[in-house]
Amino acid sequence: MGEMTGFQLGVIGALFLSVASSVSIVICNKALMSNLGFPFATTLTSWHLMVTFCTLHVANRLNFFESKSIDMKTVILFGILNGVSIGLLNLSLGFNSVGFYQMTKLAIIPFTVLVETLFLKKQFSQQIKFSLFLLLVGVGIASVTDLQLNFVGTILSLLAIITTCVGQILTNTIQKRLNVSSTQLLYQSAPFQAAILFVSGPVVDQFLTKQSVFSHKYSPIVLVFIILSCLIAVSVNFSTFLVIGKTSPVTYQVLGHLKTCLVLGFGYTLLHDPFTERNIIGILVAIFGMGLYSYFCAQENKKKQAADVKDGAPLLSQDKDSHEVKKLTKNSLV
């Protein structure tokens, strides 16, 4: 039971760190890009990953964690895949309306469920699927406005969905099958993610913004916000791998939509963004869906525990994703 309590605390800590750091970096980047005129999102992400790697390298040298060797081909392909998915998401935003981009992000959950069901033989109950449907409807109501379709944008969105979904599933699978921690996997893969974005970032950003990151005027306040963004990103990247490793890609996406609701709320409170009845209704529906997701996962977890006890199996073999989601409601009410 002591180990189980430690696991619970670790999951809660990972969820809290992910929400807090992600909301913080969205607010920081919004100020950097919207208010200070620094629009180079893909290049900024490559800097995030380079700072993350350097931070982890120092931590490794100071023996805060032990590096573990992973098959180089696996690490390189994994790093490139994640780097490409980030670039595709940014290109999707550039070629599509904001509303269609939000729909792209919403589509990641059902696609992940489909892939895990078909290829990993994971079972999702009808109750879980219904709660996810409510969540997606709520986030859609709150965040999706205009929907403008075009062929190139649609292709980029489909590629972004596929690469993001596969990348997150691999983040979970590699940690479990190769018995590596989130820190060890991030440390090994971050250089390759950073490299692909460091090379492609300036090209993608110039294509999307018609400006060059190299000729941009870097005022002291812009540099301060870039440094702050990179420091927060260390926590974001670490917590992303930690949450996916301890739970599942679907739960991580559910948590991501909680962040969307919080960002909308903070945007209204701190940045005075427009906020309508539609936003409020959508957020409430989304939170209700998260609550149902947490409840149904907790109920399924109890059934599995009872079955394990009946069969004489150890309680520690329970599904981590179902176990931790029981705590997600608390985060969703913060």
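Select Ser-181 to start: this residue sits in the loop between α7 and α8. Helices here are DSSP runs of H or I with at least four residues, strands are runs of E with at least two, and both are numbered from the N terminus. Ser-181 counts as partly exposed because its relative accessibility is 31%. On this scale buried means under 20% relative accessible area, exposed means over 50%, and partly exposed lies in between, with a 1.4 Å probe and protein chains only. Now add Lys-68. The two residues are 113 apart along the chain, yet their C-alpha atoms are separated by 8.8 Å.

A word on the model before moving on. It is predicted, so local features need pLDDT of at least 70 and side-chain atom pairs count only at pLDDT 80 or more, while totals for chains, interfaces and linings use all residues. Residues are numbered from 1 along each chain as its sequence is written, and side-chain values use heavy atoms, with hydrogens and water left out.

**The whole chain**

Zoom out and colour by secondary structure. The chain has 13 helices and zero strands. Of its 334 residues, 49% are buried. Switch on the surface: about 16,500 Å² is exposed, and carbon and sulfur atoms supply 69% of that area. Accessible areas come from the Shrake-Rupley method with a 1.4 Å probe; for residues, only the protein chains shown count as cover.

How much of the contact list with a separation of 6 or more comes from residues 24 or more positions apart? The share is 86%. Contact means heavy atoms within 4.5 Å.

**Into the core**

Hide the surface and select Leu-132, Leu-135 and Val-254. In the largest nonpolar core, which has 34 residues, these three touch the most other members. Six elements give two or more residues to this core: α1 (2–35), α5 (108–119), α6 (126–143), α9 (220–246), α10 and α11 (277–311). A nonpolar core is a set of buried Ala, Val, Leu, Ile, Met, Phe, Trp, Tyr and Cys residues joined through side-chain atoms within 4.5 Å.

Centre on Leu-132. Leaving out residues up to four places away in sequence, Leu-132 touches Ile-109, Val-113, Val-250, Val-254 and Tyr-293. Then select Ile-70, Leu-185, Leu-186 and Phe-241. They are among the 13 residues of a second, separate core.

**Two helix residues with distant partners**

Go to Val-263, in helix α10 (residues 249–270). Val-263 is partly exposed because its relative accessibility is 24%. Which residues does Val-263 contact, leaving aside neighbours within four places in sequence? They are Val-23 and Val-26. Measure to Val-23 in the viewer: it is 240 residues away along the chain, and the C-alpha atoms are separated by 6.0 Å.

Next, Ile-86 in helix α3. At 22% relative accessibility, Ile-86 is also partly exposed. Beyond residues up to four places away in sequence, Ile-86 touches Thr-45 and Leu-197. Add Thr-164 as well. It is 78 residues from Ile-86 along the chain, with a C-alpha separation of 7.8 Å.

**Cysteines**

Show the cysteine sulfurs. A disulfide is a pair of cysteine sulfur atoms within 2.5 Å. By this rule the count is zero. For Cys-28, the nearest cysteine sulfur belongs to Cys-230 and is 9.0 Å away. Is Cys-28 buried or exposed? Cys-28 is buried, because its relative accessible area is 5%. Select Cys-297 too: at 4% relative accessibility, it is buried.

**Two loop residues with positive phi**

Pick Asn-63, in the loop between α2 (41–61) and α3 (72–95). Asn-63 is not a glycine, yet its phi is positive, about 65°. Its relative accessible area is 67%, so Asn-63 is exposed.

Now jump to Lys-210, in the loop between α8 (182–209) and α9. Lys-210 is not a glycine either, and has a positive phi of about 60°. With a relative accessible area of 66%, Lys-210 is exposed.

**Last stop: a nonpolar patch**

Turn the surface back on and select Phe-151, Val-152, Ile-155, Leu-158 and Leu-159. Together they make a nonpolar surface patch of about 480 Å². Patches are made of residues with over 30% relative accessible area and no salt bridge; like charges are joined within 9 Å, and nonpolar side chains (Val, Leu, Ile, Met, Phe, Trp, Tyr) within 5 Å. A salt bridge is a side-chain nitrogen of Lys or Arg within 4 Å of a carboxyl oxygen of Asp or Glu. Finish on Ile-155, in helix α7 (residues 151–177). Ile-155 counts as partly exposed, because its relative accessibility is 36%.
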